[in-house]
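Got the viewer open? Let's take a walk through this model, one selection at a time.

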Amino acid sequence: MASISLKELNKSYGALTVVHDIDLEIADKEFIILVGPSGCGKSTTLRMIAGLEEISGGELRIGGDVMNDVPSKDRDIAMVFQNYALYPHMTVYKNMAFGLQLRKVSRDFIDAQVQDAAKILDITHLLNRKPKALSGGQRQRVALGRAMVRNPAVFLLDEPLSNLDAKLRGTMRSEITKLHKRLNATFIYVTHDQVEAMTMADRIVVMKDGHIQQVDTPQKLYDHPVNMFVAGFIGAPQ
Ligand code: ADP
Ligand code: MG
């Protein structure tokens, strides 16, 4: 079970509060998208869920358990970043296997996981290449593959498509939607792109200045934005 619950979650850097008492319930296997302008606290929220950023206050639960003080490596979560963060000196295979090699699992298991993920992502022919010999879209697939090999219950994706050109972004949007259905995992996805949010999400969380403005399905957000900010951001008529 990977339902996720944020209760009055907040984050401050010294006197500066960047995430203000966020309440959010995410269902197991939901595809939820956090949107909002640059600097509104999307990445910070994601990083607190990942355990990469200390929580200043409030409560984070994953699958019912309080996770505030659980180290990142002990959370059943994988994160995909905007800049892919691939290891340049390692092959694609190594990049995908590396996280598992740090665990006590057999070489055969690792190989099966890497081959499975590579097949799903259609990158089997790239396994012996280094990242610099890949296109942007191929690198993105490797980053997804690296997350997949661990079979996490939760995927956190921070603007994973923002470095791709518009055409490839369109392709990858539908690929990631398919991947979500296939993997049976909870996806929390950050973007500042309204089209991504409207086309991919089960529900959208609209953020502004560290506050949640509205949480709803794309259709409801479009039909009934709660304020001018949401209406403007989603592009609905006002
Ligand atoms: P988003 O992902 O929505 O663009 P972020 O979560 O990255 O926004 O940042 C939210 C706010 O927190 C921004 O105003 C940013 O400048 C600030 N911030 C992020 N990291 C730090 C840090 N380490 N120290 C101080 N302020 C930070
Ligand atoms: Mg960000």
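How many bridges join strand β1 to strand β4? Select residues 4-13 for β1 and 57-62 for β4: 5 bridges link these two strands, which run antiparallel. Keep in mind as you click around that this is a predicted model.

**Stop 1: the sheet**

For one of those bridges, pick Ser5 and look across to β4, where its bridge partner is Arg61. Now widen the selection to the whole sheet. It is an open one with 4 strands, in the order β2-β1-β4-β5, and the pairing is antiparallel. Color β2 (16-26) and β5 (65-66) to find the edges; each has a single partner strand, so one side of each is left without a neighbour in the sheet.

**Stop 2: ligand 1**

Next, center on ligand 1 and show the residues around it: Tyr13, Val18, Gly36, Ser38, Gly39, Cys40, Gly41, Lys42, Ser43 and Thr44. By type, this shell splits into 6 polar, 3 nonpolar and 1 charged. Which helix gives the largest share of the shell? Highlight residues 42-50 and you have it: helix α1, with 3 residues.

**Stop 3: α2 against α3**

Move on to the helices. Packed pairs like these are described by the angle between the two axes and the distance between them. Select α2 (residues 92-101) together with α3; their axes come within 10 Å and cross at roughly 135°. An angle that is neither under 35 nor over 145 degrees, and not between 65 and 115, counts as oblique, and α2 and α3 are therefore oblique to each other. Their crossing is right-handed. To see the contact, show Tyr93, Met96, Ala97, Leu100 and Gln101 on the α2 side, and Ile110, Gln113, Val114 and Ala117 on the α3 side. Color that contact by type and you get 7 nonpolar residues, 2 polar and no charged.

**Stop 4: α3 against α4**

Keep α3 (residues 107-121) and add α4 (residues 136-148). Here the helices pack at an angle of about 140°, with the axes 9 Å apart. Are α3 and α4 oblique or parallel to each other? They are oblique, therefore not a parallel pair, and the crossing is right-handed. Show Ala117, Ala118 and Leu121 from α3, which meet Arg141, Leu144, Gly145 and Met148 from α4. That set divides into 5 nonpolar, 1 polar and 1 charged.

Before you close the session, click Ala117 once more: this α3 residue is part of the contact with α2 and also part of the contact with α4.

Notes: Residues are numbered from 1 along each chain as its sequence is written. Chains are lettered from A and ligands numbered from 1 in the order in which they are written. This is a predicted model: local features need pLDDT of at least 70, side-chain atom pairs count only at pLDDT 80 or more; totals for chains, interfaces and linings use all residues. Axes are lines fitted to C-alpha atoms, for helices over the stretch in contact, and angles run from 0 to 180 degrees between N-to-C directions. A crossing is left-handed if the near helix is turned anticlockwise from the far one by less than a right angle, and right-handed if clockwise. Two residues are in contact if their C-beta atoms, placed from the backbone, lie within 7 Å. Ala, Val, Leu, Ile, Met, Phe, Trp, Tyr, Cys and Pro count as nonpolar, Asp, Glu, Lys and Arg as charged, and the others, Gly among them, as polar. A residue is near a molecule or strand if its C-beta atom, placed from the backbone, lies within 6 Å of it. Two strands pair if DSSP finds at least two bridges between them.
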